Amino acid sequence: MRIEEILEYLNLRSDSEIRFQETPRIQEAEYAVLIVGKGNEEKSPSVEERKTLLAMQHCIFLVEKVLFEDYETYGKKEEISDNPAYRVIRFFNENQENRRWIYTYTAANKISSIIGKIILSEYFSIDFSRAEVNVKPGEYFENTLTFKNTGYTRLNGYFIGGLFIHNTGKHRPRLENFDPIIKMTYPHDEIQMNMNFQAPDITGSFAFYVIIRKSGLILNMEDSIRKFILHVASEDNAASCDALLLEESPPNGILFTDKKDFIKTWRLRNTSGENWRKIIFKVKFESVTHYFCKERKKVYYDVPNGSEFTISAKLYSPDIPGKYTVYYQLLREDGTEIITDGPICCSVVTQYERQSRFEII
């Protein structure tokens, strides 16, 4: 398979004005392609060349299926194999967190289509005209979404969905008038859509997450799932609770595309009119199917009235795709609950592109 044939395939199918061409300087390339097959194992890249490829943002590693199957049988043993191709596969596999996925091919004439599927994938960016919206309970408001095609192919027939999350996990805002279909959009084109909402009839902080799908799959995005924050407050909101939630990080509904530990923090203000000598922070309810909270109880001391304080918990993203929420409560020293402007919780969404180390095409 010659480089010219791959470039011709990409340029023939790309709708972009950008043309793909080979460059002698790998540092100037946007994509790097490494192909290892039967008969060319001795041409495997050196350790320094592998490190250069690994550092690139887009590195496509193709292994002939027969060679991959041999590696699965013989090359994964503890002793170091003399086959240089096995060493290359092992190198990329052990650096899995920092590279693209390893693909396999059955015949040389399929390489162009495999590379084309990867490079010509759907990419886009999303932004809102208003990142934060302050409204009263039940109030109507509008926000504008800007969608830009940042890939090399036309986008058409994509559905936009929205995921609403409140700090109680309930009472989601209602999406009023919204065209769910993105019509044909060429590379570098952008479209704008107006969305009308009605705020819920309770106070608190909400997040709206835009999800764009085709055939049920979340597509490639430059900035993951985008969101805007909705703050619903009434004039007497501060008088109805013991503590105000001022800030939380990361926000509820954050999307995880790989498994990792993280720390969730909440910054609050004591508005109870009393000094707390000791408060207890503990899990109130967690998903009954998958537990993802690593700290279930903490004690904090000396929180004067009117002061700001921060609480935190260690969590991890579950290894099965889905939505997970854990709810917490704050208790005084005597066991009575500290009422906040909406229960404190942590919600995550997990969707992993691959569940195994290798993808077989």
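This section describes the sheet, nonpolar cores, aromatic pairs and salt bridges of a predicted model.

Strands E15, E17 and E20 form an open sheet of 3 strands, in the order E15-E17-E20, with antiparallel pairing. E15 and strand E20 (308-316) stand at the edges; each has a single partner strand, so one side of each is left without a neighbour in the sheet. From one strand to the next, the twist averages 25 degrees. The antiparallel pair E17 and E20 is joined by 9 bridges. Within this pairing, Leu268 has Phe309 in E20 as its bridge partner.

The largest nonpolar core contains 26 residues, and those with the most contacts inside it are Trp266, Ile311, Leu315 and Tyr328. Two or more residues of this core come from each of E15, E17, E18, E19, E20, strand E21 (322-332) and strand E23 (344-350). The three strands of the open sheet, E15, E17 and E20, are thus among the elements that give two or more residues to the core. When neighbours within four places in sequence are left aside, Ile311 is in contact with Lys264, Thr265, Trp266, Leu268, Phe281, Tyr300, Leu330 and Ile344. Another core, of 21 residues, lies apart from the largest one; Tyr158, Ile182, Phe197 and Phe228 are among its residues.

The structure holds 10 aromatic pairs. One of them is formed by Phe20 and Tyr152, which are edge-to-face, with 4.9 Å centre to centre and 65 degrees between the planes. Phe20 lies in the loop between helix H1 (3-13) and E1, and Tyr152 in the loop between strand E6 (140-149) and strand E7 (158-166), so this pair ties together parts that are 132 residues apart in sequence. Phe20 has a relative accessibility of 13% and counts as buried. Tyr152, at 8% relative accessibility, also counts as buried. In a further pair, the ring centres of Trp266 and Phe281 are 5.6 Å apart and the planes stand at 65 degrees, so the arrangement is edge-to-face. Trp266 belongs to strand E17 and Phe281 to strand E18, so the contact ties together parts that are 15 residues apart in sequence. Both Trp266 and Phe281 are buried. Together with Tyr328, these two residues form one aromatic cluster. Trp266 and Tyr328 are also among the residues with the most contacts inside the largest nonpolar core.

The count of salt bridges comes to 13. One of them joins Asp70 to Lys38, with the closest N and O atoms 3.0 Å apart. This pair links distant parts of the chain, since Asp70 is in helix H3 (residues 65-75) and Lys38 is in the loop between strand E1 (31-36) and helix H2 (47-55), 32 residues apart. Lys38 is partly exposed, with a relative accessible area of 43%.

Strand E17 takes part in further salt bridges. Lys264 and Glu248 form one in which the closest N and O atoms are 2.9 Å apart. Lys264 lies in strand E17 (residues 261-270) and Glu248 in strand E15 (residues 243-249), so the salt bridge ties together parts that are 16 residues apart in sequence. Lys264 is buried, with a relative accessible area of 0%. Lys264 is also one of the residues in contact with Ile311. The side chains of Lys294 and Asp261 meet in another salt bridge, at 3.0 Å from N to O. Here too the pair links distant parts of the chain: Lys294 is in the loop between strand E18 (276-286) and strand E19 (297-303), Asp261 is in strand E17, and the two are 33 residues apart. Asp261 is exposed, with a relative accessible area of 52%. In addition, a network of salt bridges links Glu247, Arg267, Arg269 and Glu308.

Outside these groups, Ser112 is placed in helix H5 (residues 111-119). Ser112 counts as buried, at 7% relative accessibility. The C-alpha atom of Ser112 is separated by 9.5 Å from that of Arg2, although the two residues are 110 residues apart along the chain.

Key: Residues numbered from 1 in each chain as written. Predicted model: local features only at pLDDT ≥ 70, side-chain atom pairs only at ≥ 80, totals over all residues. Heavy atoms only, no water. Salt bridge = Lys/Arg side-chain N within 4 Å of Asp/Glu carboxyl O. Helix = DSSP H or I, 4+ residues; strand = E, 2+ residues; numbered from the N terminus. Buried < 20%, exposed > 50% of the residue type's maximum accessible area, 1.4 Å probe, protein only. Pairing = 2+ DSSP bridges. Axes fitted to C-alpha atoms, helices over the stretch in contact; angles between N-to-C directions. Core = buried A, V, L, I, M, F, W, Y, C linked by side-chain atoms within 4.5 Å. Contact = heavy atoms within 4.5 Å. Phe/Tyr/Trp six-rings, centres within 6.5 Å; stacked < 30°, edge-to-face > 60°.
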